[in-house]
Amino acid sequence: MSFNPCPKPIAPPKAPKRLNKVNRARVADNFKRCYHSRARQKLVNLMACSACGTWGFSENAHVLGVDGASLKGPYKSVAPLCGPRPDGSDVYEGCHRLSHRDPAAFRERYPTFNPRKAARQAESRWQAFLRGDAGGLPTQHEDRP
């Protein structure tokens, strides 16, 4: 066996894989099925959390059932649940993340939370908003659900 001071030739780098094209029509249809519209999404974000009643941190949470693996439910299954927020020197993870991470702990912490009622309430406020009824908009003096 002889020593060869020349290193082995290396293969030239491969071209990067081509990214798949995004089917924009499918993405739009999926968004419409899951959230209805940006306006409805923003209205739900303005509501108080359905579980703890916190204002200003709500997110659209699909609280009713699952349509299949990795599929979100329809927009009528959406209720406002709070997201992460500052809590003193720490960050509270929020009801939305807690409901996904540990459903049993969420039910234990908020035993009065009714997902069907919360989703119906969000839908009724959306319908009131569409009718032009100011009652569809959340207020600062609203009682906790």
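Me: Before we start, what do helix and axis mean here, and what kind of model is this?
Reply: Helices are DSSP runs of H or I with at least four residues, strands are E runs of at least two, and both are numbered from the N terminus. Axes are lines fitted to C-alpha atoms, for helices over the stretch in contact, with angles from 0 to 180 degrees between N-to-C directions. Residues count from 1 along each chain as its sequence is written, and side-chain values use heavy atoms, without hydrogens and water. Local features need pLDDT of at least 70 and side-chain atom pairs 80 or more, while totals for chains, interfaces and linings use all residues, as the model is predicted.

Me: How are α2 and α5 set to each other: roughly parallel, roughly perpendicular or oblique?
Reply: The axes of α2 (residues 38–46) and α5 (residues 115–131) come within 10 Å and cross at roughly 120°. Under 35 degrees is roughly parallel, over 145 roughly antiparallel, 65 to 115 roughly perpendicular, and the rest oblique. So α2 and α5 are oblique.

Me: Which residues of α5 make the contact with α2?
Reply: Contact means heavy atoms within 4.5 Å. From α2 come A39, R40 and L43. On the α5 side, they are A122, E123, R125, W126 and F129.

Me: Which element gives the most to the largest nonpolar core?
Reply: A nonpolar core joins buried (under 20% relative accessible area, 1.4 Å probe, protein chains only) Ala, Val, Leu, Ile, Met, Phe, Trp, Tyr and Cys residues through side-chain atoms within 4.5 Å. The largest has 14 residues, F113 and L81 among them. β2 (78–82) and α3 (95–101) each supply at least two. With three residues, the top giver is β2.

Notes:
Buried < 20%, exposed > 50% of the residue type's maximum accessible area, 1.4 Å probe, protein only.
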